[in-house]
Amino acid sequence: MSQDILNILTGPQMTKVCAPMVRYSKLPFRTLVRKYDCDICFTPMILADSFVQSSKARDSEFSTNEGDSPLIVQFAAKEVDDFVEATEMVAPYSNGVDLNCGCPQRWALKDGYGADLLTKPQLVKELVSNVRNRIPKPFTVSVKIRILKDIKKTIEFSRAIEHAGVSFLTVHARTPDMRNEPIDLDSLKLVRSCVHLPMIANGNVRSFEDAKTLYEESKCNGVMVAGGILTNPAIFSGYKNTPVECIQDWLDITSTMSTQFMCMHHHLVFMLEKVLTKKEKLVFNVLNNKSDVYDFLKERFDIQPRTFEKEYSVTKCEFNAVPRKNVQKSNFEDECSINLENLFIQ
């Protein structure tokens with residue numbers, strides 16, 4: 001893929017970014033938000049070691065198509081070889097990779113991933129520099145972090161990875177201990193002033209107005225949205241709630257791309273949260289098959305799914321996998337219950 005992420009980030013306007021969200025920021029949803037002015041999309045976080053060693057993991061965790069660009073693939077990694085090999089596999093099908101250094105979930109901290117890496121700047125430097133030295137530009141190597149209680153350590157960490165050759169930085173302006181509290185804007189602005197990298201601000205954006213305010217106040221190059229874009233995929237187009245045409249697009253996409261019912265329905269539950277009445281949500285949210293969902297939407301909005309095989313065809317990815325020793329699988333799926341909080345804590 002030839003699009004240059006840095007050219008987008010350093011443009012004159014706010015770069016609008018869809019966050020990595022467990023289970024949800026997969027190809028069908030990325031396809032949807034790209035229709036509504038989203039500039040860059042991230043995949044959900046993928047365990048690099050499993051991706052390298054398991055064809056099943058590759059098939060289930062990564063898919064793309066010609067329209068899925070610009071695309072950043074986010075990995076959880078703690079071994080240089082895993083991160084490098086996983087990057088080499090996805091490089092032909094993406095525009096960059098991102099190292100997750102912000103996930104504060106128990107399993108990640110216990111296994112040495114996510115926010116645990118904030119205490120290991122030397123390791124992160126090695127992870128970044130080794131990938132940077134193997135994959136030529138304009139392919140990007142970025143890092144997503146949370147801020148630490150000691151902001152000096154966050155600044156030191158950010159400067160260290162800047163010197164290691166990181167392309168850009170995404171900062172979720174909460175500490176690993178924080179969940180839904182207001183973001184620490186002052187710390188975000190301080191980090192922004194101390195590094196000379198393109199930077200994306202993340203946290204607490206529920207509307208397009210919130211995004212514009214965060215962009216202007218933080219002086220970052222872009223804004224990443226998680227919860228706001230899940231409940232309103234058209235947020236970057238300025239819609240206050242999910243428009244009917246967006247719901248129609250979702251039906252079209254998921255009726256053409258292979259999408260599990262649970263995923264298709266959960267997205268609609270989020271998308272319709274501010275659209276349906278309380279009584280309607282009591283009915284819709286417990287529907288358990290596509291036929292009933294389609295009937296409900298036909299009656300409520302007069303829409304039904306259409307298929308567009310050519311527009312939404314999926315690329316057949318061919319990965320050059322190198323056999324490696326088996327590793328113990330983390331309890332990633334078990335720890336990530338399906339709720340809004342767990343989607344936003346990366």
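Visitor: What radius of gyration does the chain have, and what would a compact globule with 346 residues have?

Guide: The chain has 19 Å, which agrees with the value near 20 Å for a compact globule with 346 residues; the radius is taken over C-alpha atoms, and the globule rule is 2.2 Å times the number of residues to the power 0.38. This is a predicted model, in which local features need pLDDT of at least 70 and side-chain atom pairs count only at pLDDT 80 or more, while totals for chains, interfaces and linings use all residues. Residues are numbered from 1 along each chain as its sequence is written, and side-chain values use heavy atoms, with hydrogens and water left out.

Visitor: And how many helices and strands are there in the chain?

Guide: The chain has 17 helices and nine strands, taken as DSSP runs numbered from the N terminus, with helices being H or I of at least four residues and strands being E of at least two.

Visitor: What share of the residues is buried?

Guide: Buried residues are 58% of the 346 in the chain, where buried means under 20% relative accessible area, exposed over 50% and partly exposed in between, with a 1.4 Å probe and protein chains only.

Visitor: Switching to rings, how many aromatic pairs does the structure hold?

Guide: It holds twelve, counting rings of Phe, Tyr and Trp (its six-membered ring) whose centres lie within 6.5 Å, with planes under 30 degrees apart called stacked, over 60 edge-to-face and the rest tilted. The pair of Phe-51 and Phe-75 is edge-to-face because the planes stand at 65°, with the centres 5.6 Å apart. This pair links distant parts of the chain, since Phe-51 is in helix H3 and Phe-75 is in strand E4, 24 residues apart.

Visitor: Are those two buried or exposed?

Guide: Both Phe-51 and Phe-75 are buried.

Visitor: Where in the chain are Tyr-93 and Phe-319?

Guide: Tyr-93 is in the loop between helix H5 and strand E5, and Phe-319 is in the loop between helix H15 and helix H16, 226 residues apart. Their rings form an edge-to-face pair, 5.9 Å centre to centre with 75° between the planes. Tyr-93 is buried at a relative accessible area of 15%, and Phe-319 counts as buried at 18%.

Visitor: Which residues form one aromatic cluster?

Guide: Phe-51, Phe-62, Phe-75, Phe-83, Tyr-93 and Phe-319 form one cluster.

Visitor: Which residue lies over the face of Tyr-113?

Guide: That is Lys-78, at 5.1 Å from the ring centre; the criterion is NZ of Lys or CZ of Arg within 6 Å of the ring centre and within 35 degrees of the ring normal.
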